[in-house]
Every structure is written in structure tokens, then in C-alpha cells.
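Me: I'd like a close look at a single part of this one, a helix in the middle of the chain. Could you take me through it and then work outwards to what surrounds it?

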Amino acid sequence: MKNYARQIDHFDEINAETAIGKKYGKDYRSDKGTTQSQIDRYHPLHINFMVADIIEETEFVKTFRLVAQDGYLPPFQAGQYINVYGEVNGVRSSRPYSMSSSPLQRAYYDISVARITDGFFSDFMLDQVKKGDTLKSSGPSGNFYHNPLFHKKASVFIAGGSGITPFMSMIREICDNARKRDITLLYGNRTPKNILFHEELINLASRHANFTYIPVISEPGEDYDGEKGFIDDACITRNVKSIEACTFYICGPQAMYEFCVPELENMGIPRKRLRKEMFSTSGTITKEQGWPGELTGEETVSVSVKGFKTISAKTGETLLTSLERAGIIVPANCRCGECSICRVKLISGKVFQPSDVRLRFSDTQFGWVHSCKCYPLEDLEILI
Ligand SMILES: Cc1cc2nc3c(=O)[nH]c(=O)nc-3n(C[C@H](O)[C@H](O)[C@H](O)COP(=O)(O)OP(=O)(O)OC[C@H]3O[C@@H](n4cnc5c(N)ncnc54)[C@H](O)[C@@H]3O)c2cc1C
């Protein structure tokens, strides 16, 4: 073995240098783990929070002010979210919430949670979480942020309801930092009392010439004299100065996205100048294009998790929800078909996947599906 090693060029010199290094030099084995601990600081898998405050924003929305239990919060890009974990009625689940606070301060993260009809996790947040409680989440994630390399300097933010949260973080950052970016916010709500952060937005717009705030109300009272109706091409043309120079960002419910995207496309805005974050789906998967008409969404099928157990699932509920209901924890993050953390391998059986799921090419090739956005159409066998 020794003779064989000597045949390597410069073996003796390297050996001699190693001996000197051992005597006088630095032993790099003592650095083991330092790179990983830096990475963990910037991109932690989990954050443990204490709920420092709960602010009632409107009748339907509360802001949770979260401070880190160990005193340190990682940096994030305005527009990103954390996935908050919780146990609701015995089911361990999670939901993503965008930070609404500015990333320029990291004493706390604010998340603002809206009540929805037939809510599950949102009801837990709004009705059960109290000041002083502890919460756990993922680290900050997501791609819904301004990227100066690819996006225009001028931005049009189109928000609906609680979809204001990532924009609030971006607006606070730009205004706090006097960044030279022009922003027009078109903020759609049903009535004026649903508007979130209204006073602050008015105040910021009055102090920053580069920020324009236009609330758009779809069910205004008789004496309302602001923008009325939906955010359509006429409303955008009326309020945005040079449409060609802007990147458009949309955040809100699926219905808003379905209405606004065709309006923008008709105005000639190319897809590359359109960024979106969808907070909720229409709720009725059976109405999605491509759903097999013979299924009502109420059928029960069985899902065999290879090497584990067999559970029952409903055709109209996502695979991830059915697994969580059965006590099986699948790592998940965005829960909207983008990040692919919750993917599982489909060994047999058929699932329905809505068209907006972003599957990697290799995942489609090898049978992986995003469990947060796929619905079992028949008995399945899967591998987690
Ligand atoms: C990137 C991103 C950022 C977001 N940011 C925000 C934000 O800033 N503010 C905000 O308000 N919202 C935000 N959302 C939406 C948020 O994540 C939740 O979808 C929303 O709070 C509603 O949650 P929910 O559980 O009440 O309802 P849903 O997410 O619609 O879940 C209801 C579903 O839960 C399941 N379920 C019901 N009962 C049970 C049970 N007993 N056991 C197991 N499962 C059950 C059923 O499948 C039911 O359909 C964001 C979403 C995304 C994707």
C-alpha cells in the first residue's frame, strides 16, 4: 500500500507538508459544522416563536406579532411567507402566511390572518391562539418578491382582501428605506370596512411621492366617491401612468386572479411582467377544468402508504389533508403546488391535479405528485 501511494506525484512532499501543518498549522477539523451553522442561521428549517401581541385590524382580521424564542429571526425578502404549524382538533397541520411587517426590522415578524367561511386553520389562529402562546413555523420561503435583475423598477400591486399582506411588507420596506421605486397599489375589497391597513396606507401615500394608493370597492355605499367595481382594464388604465414600464404583481383569492389576469393580458401585458401569489383556491375542486364529471368529490377511496398503513380519503380533498387527518405528517411548506416539499411518489392509481400545479419535469417523468394539490380519483398506493 505504501509503495503504491509513493507512485502518486509529489506524495513525499505532500506528506512532509501535512506533517508540518499538523505541528504548526490550523486543524480545519475544528471548523467542522461552522458553515452549516451559518446556513442554519440564514435558512433555518424551523423557527420557534412567542406571540408577543395580537392586533385586531378589522372585524375579520388579526395581526399576530411573533418574536423569536431564542431572540434571533432570519432575514427575509418582503413578499415571502412562513408556514405556521399547529394542532387543530387533534389534526397536526400547517398554513402559509406572508409577513406583513417590513424586513428592515427583525425584532418581530407580523402575520395577518383573515377569517374565511368554513375556515379550519384560520379559525384556530383567530379563536385559539393567545398572547404569550408559542408557535412554530418553517423558515421564510417563497418567490413572490421584487427581483431587481428581472423586474421593472416601477411596480403595480393588485391586492384583494388579505392578499395585501406581502405588499404591506414591500410598501413598508420601500417607504422606510426611501427606495427609489414607484409603486401603485390597487387594493380591492368588498366594502370600505374590509380594507386592511387603510390609515397607514393613506399616511404613507401622503408622505411618499413614489407611492400611490387606490382602494377599489366592489360593493360601495351610495356616498362612496372613490374607485368602484372590480380592478379591470379601465381601472388600471385610469390609475397607472405608464403601463409598459411596470411589473404587475397580483395577490389575493383565485377569483381575483381569474378576473384580473385576462384583463391584463388583453391590455398586452406579457406573462413575464406578471407575478402572482394565490392565497386561496375557489374551494370547489369539482368545478375545475378537467375534473371527471362522474365524481362528486364525496366518494371515499383508500390510500395505501407503502411500508406504513392504509387510510381512507375523499376524492374532493387533497391527499395532504387526508394524510394529515390520518395522523401522517408529510413535510409541507407553500401548500399551493409550488415548492414541491410535500411531494409523494404515486405507485399506482389516478389523481387529479389542477392546471396551476408547478410540477418539475423530472417529477412528472418519475411519478411524483404534490400532495397539497392532488386529489385521489381511485384507490392509490403511494410512497412518502
Ligand atoms: C403563500 C401564501 C401566503 C398566504 N398568506 C396569507 C396571509 O398573509 N393571510 C391570510 O389570511 N391568509 C394567507 N394565506 C392563506 C392561508 O394559508 C390559509 O389558506 C387561510 O388562512 C385559510 O386556512 P383554513 O385552514 O382556514 O382554510 P383552507 O386552507 O381553505 O382549509 C380548509 C380545508 O381544511 C381541511 N379541513 C377542514 N377540516 C379539517 C379537519 N378537521 N382535519 C383536517 N383537515 C380539515 C379541508 O380540506 C378544508 O377544505 C396564504 C396562502 C399562501 C399559499
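Reply: Helix H5 covers residues 165-176, and its twelve residues reach 16 Å from the first C-alpha to the last, close to the 16 Å expected at 1.5 Å a residue. Keep in mind that this is a predicted model. Ten of the twelve residues of H5 are buried, so the helix is largely enclosed by the rest of the structure. The buried ones are Thr165, Pro166, Phe167, Met168, Ser169, Met170, Ile171, Arg172, Glu173 and Ile174. Arg172 and Glu173 are both on that list, and both count as charged. After H5 comes Ala178, with a positive phi near 50 degrees. As background, most residues other than glycine have a negative phi.

Now for the ligand, which brings us back to Thr165 in H5. Thr165 is one of the residues that come nearest to the ligand, along with Gly119, Phe120, Phe121 and Ser122, out of 30 residues around it. Two or more residues of that shell come from each of strand S4 (91-98), strand S5 (109-114), helix H4 (121-128), strand S12 (274-280) and helix H9 (319-325). S4 gives the most, with five residues. By class, the shell has 13 nonpolar, ten polar and seven charged residues.

Asp118 sits in the loop between S5 and H4. Its phi is positive, near 55 degrees, and it isn't a glycine. Asp118 is exposed, because there are just 7 other C-beta atoms within 10 Å, and the cut-off for exposed is 12 or fewer. Arg335 has a positive phi too, about 55 degrees, and is likewise not a glycine. Arg335 belongs to the loop between H9 and strand S15 (343-348). Arg335 has 22 C-beta neighbours inside 10 Å, so it counts as buried; the threshold there is 20 or more.

Past the other end of H4, Val129 lies in the loop that leads to strand S6 (134-138). Val129 has 18 C-beta neighbours inside 10 Å and therefore counts as partly exposed. Leaving aside neighbours within four places in sequence, Val129 is in contact with Val51, Phe64 and Leu135. Val51 is 78 residues away from Val129 along the chain, but their C-alpha atoms are separated by 8.3 Å.

Step back to the domains and you can place these pieces. The domain assignment gives domain 1 (42-138), domain 2 (154-280) and domain 3 (294-383). The C-alpha centres of domain 1 and domain 2 lie 24 Å apart, and the contact takes 15 residues from each of the two. On the domain 1 side, the residues that touch domain 2 are seven nonpolar, seven polar and one charged. By those bounds, H5 falls in domain 2.

Then there's the open sheet, with six strands in the order S10-S9-S8-S7-S11-S12 and parallel pairing. Its edge strands are strand S10 (227-228) and S12, each of which pairs on one side only. S12 is also one of the elements that give two or more residues to the ligand shell. Inside the sheet, strand S8 (residues 183-189) and strand S9 (residues 211-217) run parallel and are joined by seven bridges. Ile183 stands opposite Phe211 in S9.

Last stop, a hairpin further along the chain. Strand S13 (residues 300-305) pairs with strand S14 (residues 310-314) in the antiparallel sense over five bridges. Four residues separate the two strands of the hairpin, and Gly307 in the turn has a positive phi of about 75 degrees. Two of the pairings are worth picking out: Ser304 has Thr310 in S14 as its bridge partner, and Ser302 has Ser312. S13 also pairs with strand S19 (residues 380-383), in the parallel sense and over three bridges. Ser304 turns up again here, standing opposite Glu381 in S19. That means Ser304 has a partner in S14 and another in S19.

Technical notes:
Residues numbered from 1 in each chain as written. Predicted model: local features only at pLDDT ≥ 70, side-chain atom pairs only at ≥ 80, totals over all residues. Near = placed C-beta within 6 Å. Domains from an automatic or database assignment. Contact = placed C-beta atoms within 7 Å. Expected span 1.5 Å × (residues − 1). Pairing = 2+ DSSP bridges.
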